[in-house]
Amino acid sequence: MSDHSDVQPTDGEPRSSNGQAHSSGGEVRPAGGEPGGPADESGRGYLPLFGRIVLANLAVLLGACFVIYVIVTPARLSKLATDEALVVTLCLVTLVNLILVRRVVVPLQQLTLFARRVDPAQPGTRFPDAGAHSEAGELALTFNEMLERLEAERAQSARSVLGAHEGERLRVAQELHDEVGQTLTAVLLQLSRVHGRVDAELGPVLGEAQDAVRTSLEDVRRIATELRPETLAELGLVSALATLSENFSRRTGIAVSQELQPDLPALTEETELAVYRVAQEALTNVARHAGTDRTDLSLLDGTGQLTLVVRDYGCGLNGSPRDGNGIRGMRERAGAIGGSVRVGAPTQGPGSEVRLQVPLS
Amino acid sequence: MTRILDGRSGPEHGSAVPDALPPNGTTRPAPDTRTTTVLVVDDHPAVRWGLVQLLEDQPDLKVAAVATNAEVAVGLAESEQVDVAVVDYQLGGRNGLWVTRKLRALAVPPRIVIFSAFANDHLAANCAVAGAHALLSKSSLGEELCSTIRSVAHGRVMLPRVPPAMVQLLRSRLGPQEEITFGMLLAGIPEPEIRRALGLSEEDLCRRRTQMLARLEALPGEAPRDTMSS
């Protein structure tokens, strides 16, 4: 992702790409140096790692000087040579320390910023510079592993919840068909039977009753289909989406222009169902919130991933909740199959779009 | 579905007097060959009862047998030699298409009317392949069922037209020889003409229909044997 470009070291210095210190002499100063470290301004209650290490080094250096001057007493060395040796040593040690410390601190700052920006709704983001090459790298590695575990766990629980959900839908759909639908059919048959025997006065009444039962039968069929799309299991995703859009247009009067790639690679049942449900939910949202009479539905496969886009030409997202239940539901569906959903403004023109991307392994 | 015939068209109608309804599941021989005898197949008691009542009220129709599942239906159709079988598409394990295949293989096959709550284009195509003669939605059971039974008994085929998109989609699952047969079946070309055009025996075409249904995954529990002709 775009971590590198966004991460700015807080010490206000231009940062070299590998996090190394600059070699200019001005920076090499005793007592921790002027940059001061990022911690000074942010008012933390502890001395930052940077300062701690530099101070510790200085202490060691001073100790060494003490040993040379007081204990060893270099009788054989001239005073001048000793001073020079001391200054050179001091500079060298500080420089080396700065380099070493910056190598640790800069990636840590980047990691902190990255960790703040991690969005559970957009899984798959990882800290790029992770590895066992340094303490910071190892921390980043651990952090990435933790993200991995959390996302896997999240996807797993979403899968089991959605699985239970789908099971329940199937049960309700079957019950609707087997109980309500069959009883209505029986009633319709009885009404038809009586219809031929009643007089002219009651005929129209009975006709109306028959029509009402027919409408109810159609409703039962429609609701059962929405709960459990038969077409998906029988004819696959593309046909199911085509049927979905046609039914949607018929019901709502919103035109759906479809662009469905016919020769998709084989998808798992779970993926097909998830894509179908996201499309279904997105269309429902269009009908509820967008206030438009046309929408686009496309399903394309390219560069190793499947992309579903439902785009409308309505009022955009200003008036409607950005993260309602519907959108969360879509995210969960996507997360359960390792994909992601983006809800926002289309690249050009009015309205809004829902974009589902599923990696194809 | 459009109603094509409107009553008064059974073969020599009006001579049969409906007599007492037999209990569900029992059979009786067709009392009068001049009426149209019907086999009713449905697994739901209330619907079954409603169907039998409705048909028994028609002077020219006679319910000769009632079956509650697919296997029983095939046995009854063979022993009773009915004119028309009225079959629910959803029958638990087997479906109406399976029944259709079995009935069409009988020595004296009945005409077949399938009805379903989900009578869509896909099912219409499958019905044409299976060799059913009519498809009805459950919401049009009633007077329309009676007229449809009379029509198919007269030799008409009343399957809805299948839109080209659905034809294309289903065709892509078939082998080259099957595709041709599929197109001809959906176009409503009579079976003898198809056999003549493709040089198939009656048995060959029968086998091919079943094979195509299996390939279209329309026969649950029967995997397609891999004999895709090229």
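Start by selecting chain A: of its 361 residues, 26% are buried. Keep in mind as you click around that this is a predicted model. Colour chain A by secondary structure and you should find 10 helices and 5 strands. How far apart in sequence are the residues that touch each other here? Among contacts in chain A between residues at least 6 apart, 69% join residues at least 24 apart.

**Stop 1: strand 5 of chain A**

Now select residues 353–359 of chain A, which make up strand 5, and show the side chains. Which of them are buried? V354(A), L356(A) and V358(A) point to one face and are buried. E353(A), R355(A), Q357(A) and P359(A) point to the other face and are not buried. So you can follow the alternation residue by residue along the strand.

Next, add strand 3 of chain A, residues 305–312. It runs antiparallel to strand 5 of chain A, and 7 bridges join the two. Add strand 4 of chain A too, residues 340–344; this one is also antiparallel to strand 5, with 5 bridges between them. Zoom in on Q357(A): T307(A) is its bridge partner, and S340(A) stands opposite Q357(A) as well. What holds strands together in a sheet? Strands pair through backbone hydrogen bonds, either parallel or antiparallel.

**Stop 2: the sheet in chain B**

Hop over to chain B, where you can look at the parallel kind. Here 5 strands form an open sheet in the order 2-1-3-6-7, with parallel pairing. Pick out strand 2 (61–67) and strand 7 (134–137) of chain B: they stand at the edges with a single partner strand each, so one side of each has no neighbour in the sheet. Neighbouring strands in this sheet are turned by 25 degrees against each other on average, ignoring direction.

For one pair in detail, select strand 3 (residues 84–88) and strand 6 (residues 111–116) of chain B, which run parallel and are joined by 5 bridges. There, A85(B) stands opposite I112(B). Then show helix 1 of chain B, residues 45–56, which packs on the sheet and touches strand 1 (36–41), strand 2 and strand 3. The direction of helix 1 makes about 160 degrees with that of strand 2 of chain B.

**Stop 3: where the chains meet**

Finally, show both chains together: 19 residues of chain A are in contact with 19 residues of chain B. On the chain A side, helix 5 (135–195), helix 6 (203–227) and helix 7 (230–235) each give two or more residues. Which element gives the most? Helix 5 of chain A, with 11 residues. Colour the chain A side by class and you get 5 nonpolar, 8 polar and 6 charged residues.

Technical notes. Residues numbered from 1 in each chain as written. Chains lettered and ligands numbered in written order. Predicted model: local features only at pLDDT ≥ 70, side-chain atom pairs only at ≥ 80, totals over all residues. Pairing = 2+ DSSP bridges. Helix = DSSP H or I, 4+ residues; strand = E, 2+ residues; numbered from the N terminus. Axes fitted to C-alpha atoms, helices over the stretch in contact; angles between N-to-C directions. Contact = placed C-beta atoms within 7 Å. Buried ≥ 20, exposed ≤ 12 C-beta atoms within 10 Å, placed from the backbone. Nonpolar A, V, L, I, M, F, W, Y, C, P; charged D, E, K, R; others polar.
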